[in-house]
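Student: Please take one part of this structure and go through it closely, with the cut-offs behind each term. I would prefer one connected account to a list.

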Amino acid sequence: MPMAAKVGNDARRLACRWVLDATLAQALVNMDRYFADQFAAAGIHWPGIWITSGYRSQARQAEINPDAPDSLHTRCPSVAVDVRVGSIPGISGTQGADQLLRMMGGYWKAQGYRWGGDFVNNYDPIHFDLGQF
């Protein structure tokens, strides 16, 4: 399993590295670019979106979340990712990161996709998926 990596601007490379659906990879690149532009316009450095989990084998999914064996992470290619904001592990647990994830979730949903921050039974604000399955 790859180590966390910045989304960057190459959707094909991102899809290959994380075994992601091409639409998902391009949507992530677009979201990262959108927020980089928004933050730059305000004179603020955007730390970037980093993927922490993409495709997972059934065995890996059972280790991470045995209550969700049919996770969208287990489809090949994956139609779901988990992310963090910035390159520092743990930053996604801070109040500022929570606000950023909410902003990202709003953007993501406006594109027609599904955000884990809306999950009723398993709040998961770092989860982003295509939501069409």
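Tutor: What follows is a look at the core and at the elements and residues around it.

This is a predicted model, in which local features need pLDDT of at least 70, side-chain atom pairs count only at pLDDT 80 or more, and totals for chains, interfaces and linings use all residues. Residues are numbered from 1 along each chain as its sequence is written, and side-chain values use heavy atoms, with hydrogens and water left out.

The setting comes first. The protein chain has four helices and five strands, where helices (H or I, at least four residues) and strands (E, at least two) are DSSP runs numbered from the N terminus. Their order along the sequence is β-α-α-β-α-β-α-β-β. The radius of gyration is 14 Å, which agrees with the value near 14 Å for a compact globule of 133 residues; this radius is taken over C-alpha atoms, and the globule rule is 2.2 Å times the number of residues to the power 0.38. Along the principal axes, the C-alpha atoms fill a box of roughly 45 × 30 × 30 Å. Of the 133 residues, 41% count as buried (under 20% relative accessible area, with exposed over 50% and partly exposed in between; 1.4 Å probe, protein chains only). Of the contacts (heavy atoms within 4.5 Å) with a separation of 6 or more, 55% are between residues 24 or more positions apart.

Now the core. The largest nonpolar core (a set of buried Ala, Val, Leu, Ile, Met, Phe, Trp, Tyr and Cys residues joined through side-chain atoms within 4.5 Å) holds 32 residues, and Leu 14, Leu 20, Leu 28, Met 31, Ile 51, Met 104 and Phe 128 have the most contacts inside it. Two or more residues come from each of α1 (11-18), α2 (22-41), β2 (49-53), β3 (80-85) and α4 (95-110). The biggest share, eight residues, is from α2.

In α2, the buried residues are Leu 24, Ala 25, Ala 27, Leu 28, Val 29, Met 31, Asp 32, Phe 35 and Phe 39. The end C-alpha atoms of α2 are 29 Å apart, in agreement with the 28 Å that its 20 residues should span at 1.5 Å a residue; the expected span is 1.5 Å times one less than the number of residues. At the start of α2, a side-chain oxygen of Asp 21 comes within 2.8 Å of the backbone nitrogen of Thr 23. That is a polar contact, meaning a pair of N or O atoms within 3.5 Å; within protein, one must be able to donate a hydrogen and the other to accept it, and residues adjacent in sequence count only if both atoms are side-chain atoms. Just after α2, Gly 43 has a positive phi of about 75°.

In β2, Ile 49 is buried, because its relative accessibility is 0%. Beyond four places in sequence, Ile 49 touches Ala 5, Lys 6, Val 7, Met 31, Asp 32, Val 83, Arg 84 and Met 104. With the same exclusion of sequence neighbours, the contacts of Ile 51 include Leu 14, Trp 18, Leu 20, Leu 28, Val 81 and Val 83.

Strand β3 has six of its six residues buried. Ala 80, Asp 82 and Arg 84 point one way, and Val 81, Val 83 and Val 85 the other. β3 runs antiparallel to β2, joined by four bridges (strands pair if DSSP finds at least two bridges between them), with Trp 50 opposite Arg 84. β3 also pairs in the antiparallel sense with β5 (residues 127-129), over three bridges, and there Val 81 stands opposite Phe 128.

The loop between α3 (58-64) and β3 contains Pro 77, which a cis peptide bond with omega of about 0° joins to Cys 76. Ser 78 lies in that loop as well, and at 0% relative accessibility it counts as buried. The side chain of Ser 78 reaches the backbone oxygen of Ala 80 at 2.7 Å. Among the residues that Ser 78 touches more than four places away are Val 19, Leu 20, Asp 21 and Leu 24. Val 19 is in the loop between α1 and α2; it has a positive phi of about 55° although it is not a glycine, and at 30% relative accessibility Val 19 counts as partly exposed.
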